[in-house]
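Below are some brief notes for your review. They deal with one residue and its surroundings, then a helix pair, then a loop residue.

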Amino acid sequence: MVYKCLYCGSTSKNNDDAVSFHRFPKDQRRYLWLDSLGLSNAGMWDKICSRHFNPQHFIVDSLSKHHSSSKTVEDNLNSLNCEPSTSNNDASIWKSFWNKKKVQCQVKGKSDKQNNITHEVKENKERYQTRAITRKEIASKLNKKRKQDGDEESNKKICTRNKILEPLVENSSEIVVSFSYLKSRHLQEMKQFVDKTGGSVTDEITQCTVLVTDKIRCTMKILSAIARGCPIVNANWLKHSYTVKMFQDANDFLIVDKDAERKYQFKLKESLAKAKTKKLLDGYNVLVTPSVKPGPQEMKVIIACAGGNYVLNWTDTQCTKELIVTCDKDRNRWKPAWDNDFAKIIDSDTLVTSIIRQKLTI
């Protein structure tokens with residue numbers, strides 16, 4: 001709220017914090033103020049700024065950030081029975097008086113703040129020390145109880161662990177493992193597990209018998225594994241096989257990806273069973289245009305795993321099972337291929353979905 005001095009017209013908006021504004025008294029002293037200022041009358045809310053009072057007219061009981069509240073000052077003025085002054089000299093004396101008080105308040109405020117911070121730091125330190133001592137006592141009791149009650153169990157765990165870390169016997173089955181998008185920091189350790197368990201590791205998806213990954217993605221390895229009917233498992237299969245010192249049935253550890261199954265509307269176990277029974281592209285000649293994603297080289301591997309015949313150009317002899325995998329970018333460049341009456345034109349997304357579901361949609 002902006003206050004205005006009835007005498008000089010100055011406002012609180014144009015003055016510094018050292019200037020305060022005070023209402024006229026309600027008793028007979030009101031007329032003394034009016035006579036001193038040469039005014040005939042004053043309203044209920046009219047005020048006089050502190051420039052028109054002498055510093056000795058003020059009694060400051062407690063200072064806040066700058067000075068006492070206007071209510072306190074006004075009461076003190078009334079109790080002293082002081083009269084306003086119109087002298088400029090009094091105003092300058094009053095201002096220097098309040099500036100001195102203002103500096104004293106700021107110094108006192110900083111000192112109080114520093115004391116509060118020191119006290120808070122001390123309390124936090126004591127609280128943390130108490131917590132640390134309590135935790136140490138609890139840990140000591142637990143360790144003591146474990147030593148008393150769990151000697152036999154601890155010895156059993158140690159023996160089991162030493163037994164697992166021994167060199168493992170080779171398994172008679174030919175297991176070739178490949179990894180896809182497994183960015184675990186234990187990947188190198190997993191490869192060593194395969195070697196110790198009697199298997200081998202490869203990056204060629206056409207040679208592997210088990211693919212280890214974390215979820216279903218539309219990558220070349222995963223699509224090729226589904227097309228071949230190769231089990232896709234998680235890392236638990238490998239860890240369990242290493243623990244029991246022989247490879248377990250991969251079909252018991254098939255990866256479960258609810259999001260991918262809901263997106264592509266398929267069941268991994270059913271798709272792998274269909275691929276083992278019959279290859280999806282068995283007997284098909286497939287032509288892939290250059291701009292298709294995944295690229296032609298990756299498509300060549302996927303089509304071969306699905307039982308198809310990857311071709312670069314059409315032969316003179318037309319076949320009833322012919323597919324063209326293309327995209328809108330290549331339609332004008334490969335227009336002569338569209339003249340083949342037996343060829344079915346599909347995009348890459350349709351082929352990928354068909355491989356995942358093991359159901360050709362043309």
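1. Leaving aside residues up to four places away in sequence, Gln-358 touches Ile-226, Ala-227, Ser-271, Lys-274, Ala-275, Lys-278 and Leu-280. This comes from a predicted model, and Gln-358 itself sits in the segment after α11.

2. Is Gln-358 buried or exposed? Its relative accessibility is 9%, and the cut-off for buried is under 20%, so Gln-358 counts as buried.

3. The side chain of Gln-358 also reaches back to the helix before it: the backbone oxygen of Ile-355 lies at 2.8 Å. Ile-355 belongs to α11 and takes part in the contact described in point 5.

4. Helix α6 spans residues 220–228 and helix α11 residues 348–357; their axes come within 8 Å and cross at roughly 50 degrees. The two helices are therefore oblique to each other. The crossing is left-handed.

5. Which residues make the contact between α6 and α11? From α6 they are Leu-223, Ile-226 and Ala-227, and from α11 Val-352, Ile-355 and Ile-356. By class, the contact residues are six nonpolar, no polar and no charged. Two of the α6 residues named here, Ile-226 and Ala-227, are also touched by Gln-358.

6. On the other side of α6 in sequence, Arg-217 is placed in the loop between β5 (210–212) and α6. The side chains of Arg-217 and Asp-214 are joined by a polar contact of 2.7 Å. With residues up to four places away in sequence not counted, Arg-217 touches Tyr-181 and Ile-222.

Notes: Residues are numbered from 1 along each chain as its sequence is written. This is a predicted model: local features need pLDDT of at least 70, side-chain atom pairs count only at pLDDT 80 or more; totals for chains, interfaces and linings use all residues. Side-chain values use heavy atoms; hydrogens and water are left out. Axes are lines fitted to C-alpha atoms, for helices over the stretch in contact, and angles run from 0 to 180 degrees between N-to-C directions. Helices (H or I, at least four residues) and strands (E, at least two) are DSSP runs, numbered from the N terminus. Angles under 35 degrees count as roughly parallel, over 145 as roughly antiparallel, 65 to 115 as roughly perpendicular and the rest as oblique. A crossing is left-handed if the near helix is turned anticlockwise from the far one by less than a right angle, and right-handed if clockwise. Contact means heavy atoms within 4.5 Å. Ala, Val, Leu, Ile, Met, Phe, Trp, Tyr, Cys and Pro count as nonpolar, Asp, Glu, Lys and Arg as charged, and the others, Gly among them, as polar. Buried means under 20% relative accessible area, exposed over 50%, partly exposed in between (1.4 Å probe, protein chains only). A polar contact is a pair of N or O atoms within 3.5 Å; within protein, one must be able to donate a hydrogen and the other to accept it, and residues adjacent in sequence count only if both atoms are side-chain atoms.
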